[in-house]
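Okay, thanks for making time, everyone. I'd like to walk you through one structure this morning, going from the strands in the middle of my story out to the charged pairs. Have a look at the screen.

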Amino acid sequence: MKTIVFDIGETLVRDDRHWASWADWLGVPPHTVSALVGAAVAQGRDSTDALRILRPGMDVTEAYHARAAAGRREHLDETDLYPDVRPALAELRALGMRVVVAGDRTARAGDLLRALDLPADLVVTSEEWGVSKPDREFFARVLEVSGAAPEATVYVGDHPADDLFPAKSSGLRTVHIRRGPYGHWWADHPDVMETADWRVGALTELPALLGGAGRPDGGTARRPERPGTEPPDAARAGAAPVEAGSAGTPEADPAGSVTDGAGRDPGVITSA
């Protein structure tokens, strides 16, 4: 591998503060928001649906700007980073890899992350690019800044449909990290096991896995696919973009599987 690209939320940065700030803004206990986020994750829904349950019809972007106008802008500092971030990124750079941070965040989050002086060659957010995951254009931009061929570029993320599936369908190699609600809940889904080149539980596993990476045999063991289970086309091709709260938001069917409203099982759907 020549370039390694990292998602932000629940890959490098803990989302505790993010959801706690929304709980404070909405005047509810943080546990209430966390529980509703967990429910949305388990149902394969957008995590911001948790906020719309509390405030039906809420425009999250509008509310975000209202918070900023009220002097309650988002904040990130060293305490929001997972403890393995700096050592892992530093070791990857020492191995000669280009390290890029590119995920779905605001322009302000990009400024805050750059102020932390991470051991990375580039830090950029979706708002700065004007395109969000899982849009294929986002991953086209990833490849532009990678400076390497798709097969020599790996994208690391926790979210199957926002990170794993679209990155894979764009030709990149992929690492799924078992971290955060989506990362833990969907880690053993057959589509994730089929699509991920590597599966890890910590970023510090990456230097040994990717330093001389050929075929992905290392890291957290990939379990064999369940007999007779064929990954759905949506998972192989990468989930199509789904706007938060749109008609395409998946619903759980009576059997407990996750569908996109057309009866297809995409594995998981986009988060905020």
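So, the pair of strands I'd like you to find is S2 and S3: four bridges join S2 to strand S3, residues 122-125, and the two run parallel. Before anyone asks, this is a predicted model, so please keep that in mind throughout. If you want a spot to put your finger on, Val101 stands opposite Val123 in S3.

Now look to the other partner of S2. Strand S1, residues 3-6, is joined to S2 by four bridges, and these two run parallel as well. Here the landmark is Thr3, which stands opposite Arg98 in S2.

How many of the six residues of S2 are buried? Five of them are, so this strand, residues 98-103, is largely enclosed by the rest of the structure.

Let me zoom in on one residue there. Ala102 lies in strand S2, and its relative accessibility is 0%, so it counts as buried, the cut-off being under 20%. What does Ala102 touch, if we skip residues up to four places away in sequence? Quite a list: Val5, Phe6, Asp7, Ile8, Val124, Trp129, Phe138, Val142 and Tyr155. As for distances, Ala102 and Leu122 are 20 residues apart in sequence, and their C-alpha atoms are 8.1 Å apart in space.

Okay, following the chain onwards. S2, then helix H6, residues 107-115, then S3 together make a right-handed β-α-β unit. In the loop between S2 and H6 you'll find Thr106. Is Thr106 buried or exposed? It has 18% relative accessibility, so with the limit at 20% it counts as buried. Its side chain reaches the backbone nitrogen of Ala109 at 3.1 Å. Setting aside neighbours within four places in sequence, Thr106 is in contact with Tyr64, Glu74, Thr125 and Glu127.

There's another threonine I want to show you, over in helix H11: Thr195. At 7% relative accessibility, this one counts as buried. A polar atom of the Thr195 side chain lies 2.7 Å from the backbone oxygen of Asp191.

Right, on to the greasy part. Generally speaking, nonpolar side chains in soluble globular proteins tend to be buried together. In our model, the largest nonpolar core has 33 residues, and the ones with the most contacts inside it are Ile4, Phe6, Leu12, Leu113, Leu203, Leu206 and Leu210. Which elements give two or more residues to this core? Those are S1, H5, S2, H6, strand S4 (153-157), strand S5 (173-177), S6 and helix H12 (206-210). H5 gives the most, with four residues. There's also a second, separate core of 16 residues, which includes Ala23, Val33, Met58 and Tyr182.

Last topic, the charges. A search of the whole structure turns up 19 salt bridges, and I'll just show you a few.

Start with Arg17 and Asp77, where the closest N and O atoms are 3.2 Å apart. Arg17 sits in helix H1 (residues 16-26) and Asp77 in the loop between helix H4 (60-69) and helix H5 (85-94), so this pair ties together parts that are 60 residues apart in sequence. Both partners are partly exposed: Arg17 has a relative accessible area of 31%, and Asp77 comes in at 24%.

Then there's Glu78 with Arg86, whose side chains meet in a salt bridge at 2.7 Å, N to O. Glu78 is partly exposed at 41%, and Arg86 is partly exposed at 25%.

The next one is Asp197 with Lys168, again a salt bridge, with the closest N and O atoms 2.7 Å apart. This pair links distant parts of the chain, 29 residues apart: Asp197 is in the loop between helix H11 (190-195) and strand S6 (198-200), while Lys168 is in helix H9, residues 160-169. What I like here is the contrast in exposure. Asp197 counts as buried, at 5% relative accessibility, whereas Lys168 is partly exposed, at 29%.

And to finish, one that goes beyond a pair: Asp7, Lys133 and Asp163 are linked in a network of salt bridges. You've met Asp7 already, on the list of residues that Ala102 touches. Okay, that's my tour, so over to you for questions.

Conventions: Residues are numbered from 1 along each chain as its sequence is written. This is a predicted model: local features need pLDDT of at least 70, side-chain atom pairs count only at pLDDT 80 or more; totals for chains, interfaces and linings use all residues. Side-chain values use heavy atoms; hydrogens and water are left out. Buried means under 20% relative accessible area, exposed over 50%, partly exposed in between (1.4 Å probe, protein chains only). Two strands pair if DSSP finds at least two bridges between them. A crossover is right-handed if, with the strands pointing away from the viewer, the path from the first strand over the helix to the second runs clockwise. A polar contact is a pair of N or O atoms within 3.5 Å; within protein, one must be able to donate a hydrogen and the other to accept it, and residues adjacent in sequence count only if both atoms are side-chain atoms. Contact means heavy atoms within 4.5 Å. A salt bridge is a side-chain nitrogen of Lys or Arg within 4 Å of a carboxyl oxygen of Asp or Glu. A nonpolar core is a set of buried Ala, Val, Leu, Ile, Met, Phe, Trp, Tyr and Cys residues joined through side-chain atoms within 4.5 Å.
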